[in-house]
Amino acid sequence: MMPSKKICLLLSALLYCMLATAQNAAGPNRLRPDSSIKDVRQRLIELALPGPDMEIADRNEIIAQQMLQRSKRTIMNQLVVTGNLNEFSIKGSQPLQNAGNFFPRYNIGLQIPVGLMFTRAKDIRVAEQNVAIAHAERSKTYGEIKAIILKNYEDFLMHSALLDVQTKSASAEYLNFLKVESDFENGAATEEAYNEALKKYNEEMTKKINTQRNREFARIEIEKYILVPLDDVIKGLR
C-alpha cells in the first residue's frame, strides 16, 4: 500500500473518532451537573405517581373508608319503629266515661335486634383494619414506584457514563486496528497481530452495544411509569 493511502486511512479514522466523540457530547444523553440530578429525580417521581398502580391503591383506600362508614350506619338500617292507636282514638264517638280505659291513646316502640349489638362493634373493627391495610398498601405502592424510578434512573446515568467511555475506547481500538491492518498489508505486522487488533476492536464494540442496550432498557422502564419521553423531562429542567 502506498504511504499516501496509509495517511488517508489514518486521517479518516481520526475524523471518525472525533465525530463519534463530538456526537456523544452533544447528544440527548449528555448528563447534567450533579446539582440538577435531584430535580430530575423529583420530577420523574411526580410524573410516575398518577399512574395506574397508584390510582388502584388510592381507590382501594377510598373503598375501605366507605365500607367503614357503612358499618357505622348499619344499626340505623336494623332499627324497627312500631306504633298503634287504641280504639278510643279511632272511634271518637264512644262515651266519655269509658275514655279512661283507653289511655294512652297511642303506643310507640323501638325494636333493636339483640344480635346487632354484639356484631356491630366487631364489624366496625374489621372495617377499620381494612382501612389501615388499604393505607399501608398505598404506602407500599408509593415506595415501590419511587424505588423503581430511582433505581432505573441511576442505571440510566451509569450506562450513559459507561457509553461515553466505551465509545472513546472503541474509537481508539478502531484506530489501532487500521494501523495494524495497514502494517499487515505492507508486511510490517504478522497475521497474529492483525487478528489480535481486530479481536480487541470487536470486544470494545460489543461492550458499547451492550451498554447502549442496557441504557435503553432503563429508559423504557422509567417511561413505562412516567408515560412521557425521558429526554423531554431532562431537557425541560435545563
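# Salt bridges, helices and ring pairs

Asp164 is buried, its relative accessible area being 18%, where buried stands for under 20% relative accessible area, exposed for over 50% and partly exposed for what lies in between, computed with a 1.4 Å probe on protein chains only. The structure is a predicted model, in which local features need pLDDT of at least 70 and side-chain atom pairs count only at pLDDT 80 or more, whereas totals for chains, interfaces and linings use all residues. Residues are numbered from 1 along each chain as its sequence is written, and side-chain values use heavy atoms, with hydrogens and water left out.

## Salt bridges

The partner of Asp164 is Lys168, and the two side chains meet in a salt bridge with an N to O distance of 3.6 Å; the term requires a side-chain nitrogen of Lys or Arg within 4 Å of a carboxyl oxygen of Asp or Glu. Under this criterion the count is 13 salt bridges. Lys168 is partly exposed at 41% relative accessibility. Both residues belong to helix 6 (residues 114-185), and because they are four residues apart there, about one helical turn separates them. Helices, like strands, are taken as DSSP runs numbered from the N terminus, a helix being H or I over at least four residues and a strand E over at least two.

A second bridge in helix 6 joins Asp183 and Lys179, again four residues apart and so separated by about one helical turn. Of these partners, Asp183 is buried at 18% relative accessibility, while Lys179 is partly exposed at 45%. In helix 7 (residues 191-226), Glu216 and Arg219 are three residues apart, a spacing that also amounts to about one helical turn. Glu216 is partly exposed with a relative accessible area of 27%, and Arg219 is buried at 9%. Salt bridges with shared partners join Arg215, Glu216, Arg219 and Asp231 into one network.

| Salt bridge | Closest N to O distance |
|---|---|
| Lys168 and Asp164 | 3.6 Å |
| Asp183 and Lys179 | 3.2 Å |
| Glu216 and Arg219 | 3.0 Å |

## Helices 3 and 7

Helix 3 (residues 52-72) has 21 residues, which at 1.5 Å a residue should span 30 Å, and the 31 Å between its end C-alpha atoms agrees with this; the expected span is 1.5 Å times one less than the number of residues. Its buried residues are Met54, Ala57, Glu61, Ala64, Leu68 and Ser71. Seen down the helix axis, these buried residues fall within an arc of 110 degrees, so they line one face of helix 3, the arc being that of the directions from the axis to the C-beta atoms. On the other side of helix 3, the exposed residues are Pro52, Ile56, Arg59, Gln66 and Arg70.

What does Glu61 touch, leaving aside residues up to four places away in sequence? The contacts of Glu61 are Ala134, His135 and Arg138, with contact taken as heavy atoms within 4.5 Å. Glu61 has a relative accessible area of 13%, and its C-alpha atom is separated by 8.5 Å from that of Ala132, a residue 71 residues apart from it along the chain.

Helix 7, with 36 residues, reaches 52 Å from its first C-alpha to its last, close to the 52 Å expected at 1.5 Å a residue. Its buried residues include Tyr194, Tyr201, Arg215 and Arg219. Just after helix 7, Leu227 takes a positive phi of about 65 degrees.

## Aromatic pairs

The whole structure contains five aromatic pairs. One of them is formed by Tyr153 and Phe156, a stacked pair with 6.4 Å from centre to centre and 15 degrees between the planes. Rings of Phe, Tyr and Trp (its six-membered ring) pair if their centres lie within 6.5 Å, and planes under 30 degrees apart count as stacked, over 60 as edge-to-face and the rest as tilted. Tyr153 and Phe156 are three residues apart in helix 6, which means about one helical turn between them, and both are buried.

The pair of Phe177 and Tyr194 is tilted, because the ring centres are 5.5 Å apart and the planes stand at 45 degrees. Phe177 lies in helix 6 and Tyr194 in helix 7, so this pair ties together parts that are 17 residues apart in sequence. Phe177 is buried, with a relative accessible area of 9%. Ring pairs also link Tyr174, Phe177, Phe184, Tyr194 and Tyr201 into a cluster.
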